[in-house]
Amino acid sequence: MDITVNILLTIATAATPLLIAAIGELVVERSGVLNLGVEGMMIMGAVAGFGAGYLTGSPWIGLLAAIAMGALFSLLFAVMTLSLATNQVATGLSLTLLGLGLSGMMGTSFVGQPGVRLPNLDIPGLSSIPIVGKLIFGQDPIFYISIALTAAVTWFLFKTRTGLTLRSIGDSHTSAHALGIKVIRYRYLAVIFGGACAGLAGGHLSLVYTPQWVENMSAGRGWIALALVVFASWRPWRVLAGAYIFGAVWIGQLHAQAFGIPVPSQMLSSLPYLATVVVLVLISRNKRLTMMNTPASLGQPFVPDR
Amino acid sequence: MKKLLIALMTTTAALSMAASAQAADKLKACWVYTGPIGDFGYSYQHDQGRLEVEKALGDKVETAYLENVSEGPDADRAFERLAREGCKIIFGTSFGFMDAEVKVAKKFPKVMFEHATGYKTGDNLGIYNARFYEGRYVLGQIAAKESKSGVAGYIVSFPIPEVVMGINSFMLGAQSINPNFKAKIVWVNSWFDPGKEADAAKALFDQGADIIVQHTDSTAALQVAEERKLHGFGQSSDMIKFAPNAQLTSLTDEWGPYYISRVQAAIDGTWKPDNVWLGIKDGAVKLAPYTNMPADVKAMAEATEKKIAGGWNPFTGPIAKQDGSAWLKDGEVADDGTLLGMNFYVKGVDDKLPQ
């Protein structure tokens, strides 16, 4: 039984950063902006989170720093693409490149230093209940944030007026603009929210997942988050499903190898990607619904005609 | 005003001339790394070697490096740029730089080139490597002594000879203590992905391993061992700070002494292309202080280390291959060529080698 609980806990840890970054990007894309800089914002969050935690000794300050850094870094993207109407794809890509380089430079003095780790939740009595205790009441704080965030974003997008407005901007910024909606302002806020989420995901890497700083430690997770959003057809709970399927197959293949299953390891390593894509494509195979969910003006720059 | 300006200009000119005259006396030594020097692993250790050169040779030498150079056509440009910038001796530290170095070395016959872990040499191109497998034998013995479950978890990157050699040497060491010792092997197909390495360590521990060994570069796996109150070995650099209660020892690369001797030779004009494979006895492969183990295990590890330093090779027969067929006869020692091309497991390894 213990091993099952341990495996589930490991899966949750692997899925959490993907989920958070993807939920943030989902809101950005729902507003019609494509930010390919997730990887860059994530790594900036990771270095800021580690640095602040290491220098102050408090992982909580680290967490806040990670969020703030992600938001700040995304602001750069927002100014470029929204105010200066640059190409979103190119700007997003350069944001990633800049983030990877800049974080390496900022983190030079943190290399080889042990960091601080966010403590797991520990509720006396509850956390020690066998099996469910650890799963429900004994995980790291960011895990709970990630679940709450998914619920909150679902509610916001589909149950509030502001959420409706945001989605309408994503579908047609010109119509929204004609209705007097402040398109650019909404998009600014969405991009910054996405940046804060990516920063938080990065903080999870350097404060929970592997409490250390090394260059390039995000190792492509930002790209996986980006793919999750598309394959989940811009639906928050599907993103959660995708992140957990990815996490489960990812951990599962490591167990399969350790167990000695005679399948080539390269094949096993590619399984998480394959499985996640297949499952999400199957979930969202209804063409009409997918069309409805796809933000129609995704990636198109918008210049208000005064 | 004009006079002052001219005076200023002449002073700066004189100063900069003095500076360049001084620079001319210095030998410029350069390095090319495939990873970031911030990886706290392989490239980091090479860069520590560069810093040791600076420290030891002081103002006789000037150093420069290029990091994150990808293996392939990019490498050509990196080496050529350094050669043009006046580097007199250039160290390429990754296997994949081999052909680029061969090419650029031909173009710049007056520049001295050195390549780590490769096998092609030239008139002005030497090669060097370290016998990490020697250290892995010691790790195997410690693991077999310290493990309660008799199972180690082994996290590995890619099935190249260097890694296969390490697994085999580790198993030979472990079997010399406990013939039934098992290692569970997980390939993560990456040199460097802290998250994946941590996940692999968790999976291995969950399946009953109680000691972790790695041939990947980050400290993540050791940190998991620390959390679970189990043990493991560090890799490339001493990782004791990350796992003060978990690290038994760490297999570290010490390139400093080699680099110092080579740069010194270049300064003296005695440099010649060479082919060296350095081991424990040369100080290039080092085991970090033995910690978190009883005195008798420590004594055993030290004795083995001494035996290897004295010239004994862990790959000394009788050794059988994985399928039970004979490989080395009693007393027969594996030759370097076989080791450098190793693509098979020895008996007792519980894994199918990915091909």
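Two residues are taken to be in contact if their C-beta atoms, placed from the backbone, lie within 7 Å. The model described here is predicted.

By that criterion, S206(A) is in contact with eight residue positions beyond its neighbours within four places in sequence: A46(A), G49(A), F50(A), G115(A), P211(A), Q212(A), W213(A) and M217(A). S206(A) belongs to helix α9 of chain A. Its C-alpha atom is separated by 9.3 Å from that of G51(A). Along the chain, S206(A) and G51(A) are 155 residues apart. S206(A) has 33 other C-beta atoms within 10 Å. The threshold for a buried residue is 20 or more, so S206(A) counts as buried.

Helix α9 of chain A also takes part in the interface with chain B. In total, 34 residues of chain A are in contact with 30 residues of chain B. On chain A, at least two residues each come from α1 (2–30), α9 (183–209), α11 (236–259) and α12 (265–283). The largest share is that of α11(A), with seven residues. By class, this side of chain A holds 18 nonpolar residues, 15 polar residues and one charged residue.

Two parts of the interface can be described further. The first involves α1(A) and helix α7 (residues 194–206) of chain B. The axes of these helices come within 10 Å and cross at roughly 175 degrees. Angles over 145 degrees count as roughly antiparallel, so α1(A) is roughly antiparallel to α7(B). From α1(A), the contact is made by I3(A), N6(A), I7(A), T10(A) and A14(A). From α7(B), D199(B), K202(B) and D206(B) take part. The contact of α1(A) with α7(B) has three nonpolar, two polar and three charged residues.

The second part concerns Q266(A), which lies in helix α12 of chain A. Apart from neighbours within four places in sequence, Q266(A) is in contact with N189(B) and P354(B). Q266(A) has 13 C-beta neighbours inside 10 Å and therefore counts as partly exposed.

Chain B is assigned two domains. Domain 1 covers 26–130, and domain 2 covers 133–253 + 286–340. Taken over C-alpha atoms, the centres of the two domains are separated by 29 Å. Eight residues of domain 1 of chain B are in contact with ten residues of domain 2 of chain B. Helix α2 (residues 42–57) of chain B gives the most to the domain 1 side, with three residues. That side divides into five nonpolar residues, two polar residues and one charged residue.

Chain B also contains an open sheet of six strands with parallel pairing. The strand order is β2-β1-β3-β4-β5-β11. At the edges stand β2 (61–66) and β11 (275–278) of chain B. Each has a single partner strand, so one side of each is left without a neighbour in the sheet. Neighbouring strands are turned by 20 degrees against each other on average, direction ignored.

The partner of β11(B) is strand β5 (residues 125–130) of chain B. These strands pair in the parallel sense over four bridges. Within this pairing, Y128(B) has V276(B) of β11(B) as its bridge partner. Helix α4 (residues 98–107) of chain B lies across three strands of chain B, namely β3 (89–92), β4 (112–116) and β5. The helix runs at about 170 degrees to β4(B).

Technical notes: Residues numbered from 1 in each chain as written. Chains lettered and ligands numbered in written order. Predicted model: local features only at pLDDT ≥ 70, side-chain atom pairs only at ≥ 80, totals over all residues. Nonpolar A, V, L, I, M, F, W, Y, C, P; charged D, E, K, R; others polar. Domains from an automatic or database assignment. Pairing = 2+ DSSP bridges. Axes fitted to C-alpha atoms, helices over the stretch in contact; angles between N-to-C directions. Buried ≥ 20, exposed ≤ 12 C-beta atoms within 10 Å, placed from the backbone. Parallel < 35°, antiparallel > 145°, perpendicular 65-115°, else oblique.
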